[in-house]
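Subject: Structure handover

Hello,

Please find the structure below, ready for you to open. My notes on what turned up follow it.

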Amino acid sequence: MALRLKDADHIVSHYTFAEKRTGECPYSTIFIILAEIGRFDKSAEECVTARDRLFYWFRHGTEFTQMPDWLDDPESKAQRIRNKDKE
């Protein structure tokens with residue numbers, strides 16, 4: 001299976017610093033994690049993990065007039081989906 005470079009499940013990149021002249025990375029505790037929110041294209045219904053819900057909020061937060069319940073209680077939406085699957 002080929003790796004899809006642009007999909008909503010692979011938008012987080014991890015970078016470490018290296019000394020330019022030697023290429024050494026002296027401290028493994030110095031790193032940056034970036035999330036390319038513009039590539040996150042899941043619908044609200046597809047967001048079942050806490051990470052998905054957070055990314056959805058970052059991307060669509062300005063569209064809400066109040067904080068959605070599922071953001072306050074992240075397990076509630078996941079539980080509703082699990083219960084729906086059992087029906």
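Leu34 sits in strand E2, which covers residues 31–35. This is a predicted model, so please read everything here in that light. Leu34 is partly exposed, because its relative accessibility is 42%. Leu34 also belongs to a nonpolar surface patch of about 600 Å², together with Tyr15, Phe17, Tyr27, Ile30 and Ile32.

**Overall layout**

The protein has two strands and three helices. Their order from the N terminus is β-β-α-α-α. The chain has 87 residues, and 23% of them count as buried. The exposed surface comes to about 7200 Å², with 54% of it supplied by carbon and sulfur atoms. Among contacts with a separation of 6 or more, 30% join residues 24 or more positions apart.

**Confidence**

Mean pLDDT for the protein is 77. A value of 70 or more is reached by 71% of the residues. Helix H1 (residues 50–60) has the highest confidence, at a mean of 89. Helix H3 (residues 74–86) has the lowest, at 60. At the start of the chain, residues 1–5 stay under 50. For that stretch the model has two contacts beyond four places in sequence.

**Strand E1 against E2**

What does Ser13 touch, beyond residues up to four places away in sequence? The list is Ile32, Ile33, Leu34 and Glu36. Ser13 itself is in strand E1, residues 12–16. Ser13 counts as buried because its relative accessibility is 18%, and the cut-off for buried is under 20%. Ser13 and Glu36 are 23 residues apart in sequence. Their C-alpha atoms are 8.2 Å apart in space.

**Salt bridges**

The whole structure holds two salt bridges. Side chains of opposite charge can pair when their charged atoms come close.

One bridge joins Arg39 and Glu36, with 3.2 Å between the closest N and O atoms. Glu36 is partly exposed, since its relative accessibility is 35%.

Asp52 and Lys42 make a salt bridge too, at 2.8 Å from N to O. Asp52 belongs to helix H1 and Lys42 to the loop between E2 and H1, so this pair ties together parts ten residues apart in sequence. Are these two side chains buried or exposed? Asp52 is buried, because its relative accessible area is 4%. Lys42 also counts as buried, at 14% relative accessibility.

**Aromatic pairs**

The count of aromatic pairs is three. In one of them, the ring centres of Phe40 and Phe55 are 5.9 Å apart and the planes stand at 75 degrees, so the pair is edge-to-face. Phe40 is in the loop between E2 and H1, and Phe55 is in helix H1. The pair therefore ties together parts that are 15 residues apart in sequence. Phe40 is buried, at 1% relative accessibility. Phe55 is buried as well, with a relative accessible area of 7%.

Trp57 and Phe64 form a tilted pair. Their centres are 5.3 Å apart, and 40 degrees separate the planes. Trp57 is partly exposed, with a relative accessible area of 22%. Phe64 is also partly exposed, at 29% relative accessibility. Trp57 and Phe64 join Tyr56 in one aromatic cluster.

**Helix H2 and its contacts**

Leu71 lies in helix H2, residues 69–72. Which residues does Leu71 contact, leaving aside neighbours within four places in sequence? They are Arg53 and Trp57. Leu71 is partly exposed, with a relative accessible area of 23%. From Leu71 to Tyr56, the C-alpha distance is 9.8 Å, and the two are 15 residues apart in sequence.

**Where to look**

For a quick tour, begin with the patch that includes Leu34. Go next to the salt bridge of Asp52 and Lys42. Then view the edge-to-face pair of Phe40 and Phe55. Finish at the cluster of Tyr56, Trp57 and Phe64, and at Leu71, which is in contact with Trp57. Keep in mind that confidence is lowest in helix H3.

Best wishes

Technical notes. Residues numbered from 1 in each chain as written. Predicted model: local features only at pLDDT ≥ 70, side-chain atom pairs only at ≥ 80, totals over all residues. Heavy atoms only, no water. Patch = residues over 30% accessible without salt bridge, like charges linked within 9 Å, V, L, I, M, F, W, Y side chains within 5 Å. Areas by Shrake-Rupley, 256 points an atom, 1.4 Å probe, with all protein chains shown as cover. Salt bridge = Lys/Arg side-chain N within 4 Å of Asp/Glu carboxyl O. Helix = DSSP H or I, 4+ residues; strand = E, 2+ residues; numbered from the N terminus. Buried < 20%, exposed > 50% of the residue type's maximum accessible area, 1.4 Å probe, protein only. Contact = heavy atoms within 4.5 Å. pLDDT = per-residue confidence, 0-100. Phe/Tyr/Trp six-rings, centres within 6.5 Å; stacked < 30°, edge-to-face > 60°.
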